[in-house]
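User: Hi! I have a model open and would like to talk through a few spots in it. Can you help?
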Protein chains: 8
Amino acid sequence: MKSVRTFEDLGFAKGEPHRITRQGFPEAIFCPGKKTEHILSIFGVLAQGPGPVLATRATPQVARALLKHYPKARYYPEARLVVMNPKKVRMKTKVFVLTAGTADLPVAEEAAITAEALGCRIERLFDVGVAGIHRLLKFRKRLKEAGVAIVCAGMDGALPSVVGGLVSCPVVAVPTSIGYGAHFKGLAPLLTMLNSCAANVSVVNIDNGFGAGVIASLIAK
Amino acid sequence: MKSVRTFEDLGFAKGEPHRITRQGFPEAIFCPGKKTEHILSIFGVLAQGPGPVLATRATPQVARALLKHYPKARYYPEARLVVMNPKKVRMKTKVFVLTAGTADLPVAEEAAITAEALGCRIERLFDVGVAGIHRLLKFRKRLKEAGVAIVCAGMDGALPSVVGGLVSCPVVAVPTSIGYGAHFKGLAPLLTMLNSCAANVSVVNIDNGFGAGVIASLIAK
Amino acid sequence: MKSVRTFEDLGFAKGEPHRITRQGFPEAIFCPGKKTEHILSIFGVLAQGPGPVLATRATPQVARALLKHYPKARYYPEARLVVMNPKKVRMKTKVFVLTAGTADLPVAEEAAITAEALGCRIERLFDVGVAGIHRLLKFRKRLKEAGVAIVCAGMDGALPSVVGGLVSCPVVAVPTSIGYGAHFKGLAPLLTMLNSCAANVSVVNIDNGFGAGVIASLIAK
Amino acid sequence: MKSVRTFEDLGFAKGEPHRITRQGFPEAIFCPGKKTEHILSIFGVLAQGPGPVLATRATPQVARALLKHYPKARYYPEARLVVMNPKKVRMKTKVFVLTAGTADLPVAEEAAITAEALGCRIERLFDVGVAGIHRLLKFRKRLKEAGVAIVCAGMDGALPSVVGGLVSCPVVAVPTSIGYGAHFKGLAPLLTMLNSCAANVSVVNIDNGFGAGVIASLIAK
Amino acid sequence: MKSVRTFEDLGFAKGEPHRITRQGFPEAIFCPGKKTEHILSIFGVLAQGPGPVLATRATPQVARALLKHYPKARYYPEARLVVMNPKKVRMKTKVFVLTAGTADLPVAEEAAITAEALGCRIERLFDVGVAGIHRLLKFRKRLKEAGVAIVCAGMDGALPSVVGGLVSCPVVAVPTSIGYGAHFKGLAPLLTMLNSCAANVSVVNIDNGFGAGVIASLIAK
Amino acid sequence: MKSVRTFEDLGFAKGEPHRITRQGFPEAIFCPGKKTEHILSIFGVLAQGPGPVLATRATPQVARALLKHYPKARYYPEARLVVMNPKKVRMKTKVFVLTAGTADLPVAEEAAITAEALGCRIERLFDVGVAGIHRLLKFRKRLKEAGVAIVCAGMDGALPSVVGGLVSCPVVAVPTSIGYGAHFKGLAPLLTMLNSCAANVSVVNIDNGFGAGVIASLIAK
Amino acid sequence: MKSVRTFEDLGFAKGEPHRITRQGFPEAIFCPGKKTEHILSIFGVLAQGPGPVLATRATPQVARALLKHYPKARYYPEARLVVMNPKKVRMKTKVFVLTAGTADLPVAEEAAITAEALGCRIERLFDVGVAGIHRLLKFRKRLKEAGVAIVCAGMDGALPSVVGGLVSCPVVAVPTSIGYGAHFKGLAPLLTMLNSCAANVSVVNIDNGFGAGVIASLIAK
Amino acid sequence: MKSVRTFEDLGFAKGEPHRITRQGFPEAIFCPGKKTEHILSIFGVLAQGPGPVLATRATPQVARALLKHYPKARYYPEARLVVMNPKKVRMKTKVFVLTAGTADLPVAEEAAITAEALGCRIERLFDVGVAGIHRLLKFRKRLKEAGVAIVCAGMDGALPSVVGGLVSCPVVAVPTSIGYGAHFKGLAPLLTMLNSCAANVSVVNIDNGFGAGVIASLIAK
């Protein structure tokens, strides 16, 4: 037990390659604000572990540097994710990833690719926002199969409440920073979701697709 | 023309009994923060005009004082409104008043009674919040008849966006102060509504049922 | 009826070309955060419908790409709008578009062009802010002809309240992000307008000229 | 299927007694802002369903009224909950309910009793806030058994991050309104939790013990 | 010179009876949060000076205690002010005190009585808010005589901008806490006034009638 | 009288060259968000009046364009002001302009040059912030000569309170956007100044040196 | 070592009587939101330790209950503190406690009594706010003796910056909730203090006199 | 004594080279918003004093200019600090500098280099955030040696609370602007730290490593 708790001390960082063994999900590298050389070093430490290695919010430059050193890694530009050693086996439970609009895609893809790397089976339903509710209702039956639903929405952030009333599973709501004016970079949908009248909705940080993917995978287990 | 612009100067207040002739809607008395004797005086001035006289947010005490002096007036306790000389004739256009929950009733009734006093034909649809979307969808057909829709919602404030996508008329959204925690006394639904992804939604102040009623009556004309 | 509710599923987006038939106003493309190729595809889907096709907040680059594929479309650079197939017939009701200052023009033009594309007759009154009230008062008579008034203002956002007291129609107030310091990118005029002491004022999101245009066109009908 | 979607229309409210069949959790009555007579009527409607009936934030007065009409119901004063017909069978998965301080108890109990009424097996760990981390660490082993962890914290709201790093299951964080000054009635711990550096933490509204209990029970299934 | 800078040390407070000699306006006692016995002691110290002694936000209880000890003092209940030894001579310059509504009176009276105690000649214009601009315009000529204008407004706070454009003197704007919803206890009119498009407007704290009165008196000199 | 109220209508703008006759201070052009050609046109209109013409927040580009057309104009790069036809005569009253730090200079210079253009006699005291109070106190005597004091401060915004206690004239406080972190672009010193414990302090918008200069000149008269 | 880390588990709370041995300051009971019986139990547990036992924000009722059970305890009503077994020995270092106004006394006394109970030598300087800077400067020499300075201020919160520039020791700034309007219950002075231009100022939560007392005692050691 | 209080007046700035003699810490130059030539002049003035000269937030350009004129100075790019004449002697007391993550390094280094320049003995512990609490606990023993602890954290800002519970010295918490979404550029960890449940934690402004370093050095003395 003790051994998996060990971390490697790089001075500027302490990497924990075996977090997935200990916690069921891996440590990931949040790239913004870190130097590329630091990212490379930490990636190397994490790659010593058994499970998927993820670098989030990776710019193309960072991704290029990582792929050069780690040719097995793969870059998902829309999701801004670099992934290495994803899980191969798929769990039975279906994780639905929904978006209210087209501009929510990067966040939704971050969630979907993360959950997939952790072994989830993903169904995508994009651009089904509530101002044209018939688009969502067309998929009402398929939604019944959801074991978890990740719902990404900017603007008014109303979609998770409606989805929450249609499914019989937990809903992980992800406010996105898509909007303008009184949207305040995601504050509006964040508040909407926290005040959701559907009791099965919990919320993660604005644009936090990675967190939503991790939580969905833990629930799916 | 000039004559109807005249106001009566009470020193502490300047009442305009003929605003309805000039603008199509009457001056109303917003009671909080005013002394009962002041309210009585202003009510007297406004009663000299042709149209409905309204006192909003009237406590039972204020209402009692008004009804004692103006026996023709009527008190609507749920709406906290005192109304005298409402319009008798009903316009053809139907004004729908919807609420997301039961606790939004006082605001919805303020809107409904105001619009009614100004000649509107009202349809009420209460407790049709989006977390149980089938409740709203059951009335989808009836909603097609709406010439204007007033939608009152607290909590996540998501209802106006959904209604906005179902009707072919303007939607006046009224955020209510019903909620708790990150609701911040109505700020959450206010932001939701301002960011509505339905383009036909405009918004009034938190709990401002009176304003919504006035606007609906002007649109219905 | 059912047929017009159908949408076309592009995977990343679900376009609804017949929304104008169903709701009286068309779906529009909000360009920011969308890839140009996505915008082109959605524009193509929406162009299958009967009515005006609009792309809002279009940069010159996006506009060039659209006009290349859709030579019938027209770009309004000040309004940042691309419009195709606008309505030809003009409604009788006059829609007034007012601004407090010169810098509010882009938002005002977005509202005006949108309403015009939907068949409205527009009157423009620009730079009539309240700190020189005689500028506005000079147009007092003309204002009486308004069937709807769209009022765009940044800074203190005081103009809608004054206009609201001069007209006998609904006022759609549009706060703009023009200002500095304690303006907080439009928050100041937004709050001013929500607290307007004129009862006929409703509000849309900061800089939301498109929404104001849609609502005005629905009221004008 | 259709039948369980039916709701009963009381005019002021629309109750859905079979939501638990449809969604796996029941509709609950949020008492504040509702008249006692309304609460009684809705409780009656919900009691027609198969599952637990819950009234949240019930004052002693409301509870008395409910227990008089529904003697089978039980009042939990600390949790401010009235519960009738709780589930008898217990699921295997253990739901841990932790608090940072003593004053977080009412929220924690609301979560615990709710989850219990929905069939969960509950373990309570109270007053284990991070300023005396050894209190929490003493229970480190027991925490490994958690299938879900509900963590309630006011003040700095730091506990969910620490717990999130110790368990291998989803953490549902509940900010509480316990604190003063720059706490802003729960805003401080809410922001802390949304920014948690532990990826398995999702958040519900301030003081929303009921929502946390529902989500935990859905995950436990 | 030095002597007038001396203060009297009461331990819990340090009173400066000669501030008016040094600065042209007196120290005043802001009563809330102070014990009545403390208020009495400080009042006694300040009464040793030459000029007016003022206690602001005085409840009737506090006022009664002060008038019992200092029979020469006078209580203005609407303004919540206790004043002793006001200046007798009146300056030539006229100070106008305007309010947008009736509920702004307490703040306006605090400003007026303060300025009067400091030797100003006061003109009151109450309830001339911008939603009925003809009420204000009727007094346009009289406004030309103003040497300073104090403008108190709650709700949208738009009045100072309009007055600022009509006068040729400085305008001291006082936001009041009168309003509801998105008014946030005076924040809305405060922001409006800070963003005033009239360049001659400066602002004091919400409800700060006393400060406005002091500043007006200094300008009037 | 009437003639000076006339404005020139440019369509996109309405210029009032005689505002200085009517109000004692001129209309100025706030440059940001306006096209250079528009600025040139408005400048031309305003130049028809008798008094100083000012363009604020002028970039070097805008200034170059203005000086090319109006060679009599002068650019003050630190103040970002273009001024033409400043008043020649100096009033007796001294206007002091103080800053807390070196970085507040641009705002202070905007205030100083504006006031100077309107006929004020200016004294500058820069970098006398309260954390080294002896720097300010060294000028205590000179401060006694002030007829008005403009105090510009970012960071903690504490300087106006101290100056307010040293002078016997009105203080116009200008919060600046200089600071970082919890400064929130000037919000911190703005709140400090609004809550100043010196009663002779009024406040203008963040970085609004122009407004402060206008107000000071009106007081100095 | 291990033994002093032990805590006593009361179920609803976990008390640590030996925290003072381990950390140099004791655990204290923050009374609001706790039942009196709970407070009594925790007080009993903490009383088993060697050092001072403190209950903060104690109402007179709570204090009475505590003193009945623990006659050795003493109640300081102004500070709202109950203290038992204070340290007897006094450290050499002088801790200065300053307030800007009279209404800051409760917070200042909480800080002073706490520090005293922990062995500090206290000097009090009350009502020396910056709007009458000569009051503070009179004590300039005495301030040189300070080993730590606790500065409590509401309103504009400017005092810590000035004190910070006069002393050669750390300053612990305590914003108080004394003020009104744009003070927002202490937010204004909190921001002022965080942005202090004196580099030796650190800040604790609004009204947190206890924390300031603890930190001062740790520094004094 | 008097002589060391003297400052040098550069007009745009007033430098105080002997502040370290008077206060125990030097005046530093906060570079942003200052012209390079101004920075050079002030640096020159401060270099006349006995102690360390510091320029904070220096860009490489500014640093280059300084080092060219003052070859004895040294640039620390990560800390963005230019330092000349640091203290040589080291105090006994150990100052610990901790970070929650890798991206907090620039702020931590600013604190560490500042404290070092003022004679402190520094121990660095980086990337020990609470989501992997075992990383911090590994250093539990070493932490006991701390005389002061500076704790830098972005994201949830939870680290200072945990450290506060492990040490027996004052903790200076520095919120960093590292994070996204509901982090609001450091507001989230700032609030967390102000509400810390550890009583020995005080807080400085977001990213204010310099202030933390100064305070730590004063405590270490």
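Analyst: Happy to! One spot to begin with is D:D207, which is buried, with a relative accessible area of 16%. Keep in mind that this is a predicted model.

User: Where does D:D207 sit in chain D?
Analyst: D:D207 is in the loop between strand 11 and helix 10 of chain D.

User: What about the phi of D:D207?
Analyst: The phi is positive, about 70°, although D:D207 is not a glycine. For background, most residues other than glycine have a negative phi.

User: And E:R80, where is that one?
Analyst: E:R80 is in the loop of chain E between strand 5 (74–76) and strand 6 (81–84). E:R80 also has a positive phi, about 55°, and is not a glycine.

User: Is E:R80 buried or exposed?
Analyst: E:R80 falls in between: it is partly exposed, with a relative accessible area of 26%.

User: Let's switch to interfaces. How many residues are in contact between chain D and chain A?
Analyst: The contact takes 31 residues of chain D and 31 residues of chain A. Together the two chains bury about 2400 Å², and carbon and sulfur atoms give 56% of that area.

User: Which residues of chain D supply more of the buried area than any other three?
Analyst: Those are D:Q23, D:L194 and D:A199, with 22% of the area that chain D buries against chain A.

User: How many salt bridges and polar contacts are there between chain D and chain A?
Analyst: The rule finds zero salt bridges across that interface. There are, however, 12 residue pairs in polar contact, counting pairs with both residues at pLDDT 80 or more.

User: Which elements of chain D give two or more residues to that side?
Analyst: Helix 2 (19–23), helix 9 (187–194), strand 11 (201–203) and helix 10 (209–220) of chain D do. Helix 10 gives the largest share, six residues. By class, the side of chain D that touches chain A has 17 nonpolar, 10 polar and four charged residues.

User: How are chain D and chain A related?
Analyst: A rotation of 180° with 0.0 Å of shift along its axis puts chain D on chain A, with an RMSD of 0.0 Å. That is the relation of a two-fold axis. The C-alpha of chain D nearest the axis belongs to D:V203, at 2.5 Å.

User: Through what surface do the copies meet?
Analyst: They meet through the same surface, because 100% of the interface residues of chain D are also interface residues in chain A.

User: Now chain H. How many residues does the contact with chain A take from each chain?
Analyst: It takes 23 residues from chain A and 16 residues from chain H. The area buried between chain A and chain H is about 1600 Å², 61% of it on carbon and sulfur atoms.

User: Which residues form a salt bridge there?
Analyst: H:E78 pairs with A:K35, and their closest N and O atoms are 3.8 Å apart. The count between chain A and chain H is one salt bridge, along with seven residue pairs in polar contact, both at pLDDT 80 or more. On the chain A side, helix 2 (19–23), helix 3 (36–46) and helix 9 (187–194) each supply at least two residues. The residues on that side divide into eight nonpolar, six polar and nine charged.

User: How many salt bridges over all chains?
Analyst: The count comes to 80. One of them joins A:R124 and A:E109, with the closest N and O atoms 2.8 Å apart. This pair links distant parts of the chain, with A:R124 in strand 8 and A:E109 in helix 5, 15 residues apart. A:R124 is partly exposed at 33% relative accessibility, while A:E109 is buried at 13%.

User: What about F:R22 and F:E16, buried or exposed?
Analyst: Both F:R22 and F:E16 are buried. Their side chains meet in a salt bridge, 2.8 Å from N to O.

User: Last one: what does B:Q23 touch?
Analyst: Its contacts include B:L218, C:N200 and E:A131. A polar atom of the B:Q23 side chain is 2.6 Å from the backbone oxygen of C:G164, and one is 2.5 Å from the backbone oxygen of C:V167. B:Q23 lies in helix 2 of chain B and is buried, with a relative accessible area of 1%.

Notes:
Residues numbered from 1 in each chain as written. Chains lettered and ligands numbered in written order. Heavy atoms only, no water. Contact = heavy atoms within 4.5 Å. Buried area = accessible area lost by both parts, 1.4 Å probe. Salt bridge = Lys/Arg side-chain N within 4 Å of Asp/Glu carboxyl O. Polar contact = N/O pair within 3.5 Å; in protein donor to acceptor, adjacent residues only side chain to side chain. Helix = DSSP H or I, 4+ residues; strand = E, 2+ residues; numbered from the N terminus. Nonpolar A, V, L, I, M, F, W, Y, C, P; charged D, E, K, R; others polar. Least-squares fit on C-alpha atoms with pLDDT ≥ 70 in both. Buried < 20%, exposed > 50% of the residue type's maximum accessible area, 1.4 Å probe, protein only. Lists of a residue's contacts leave out its neighbours within four places in sequence.
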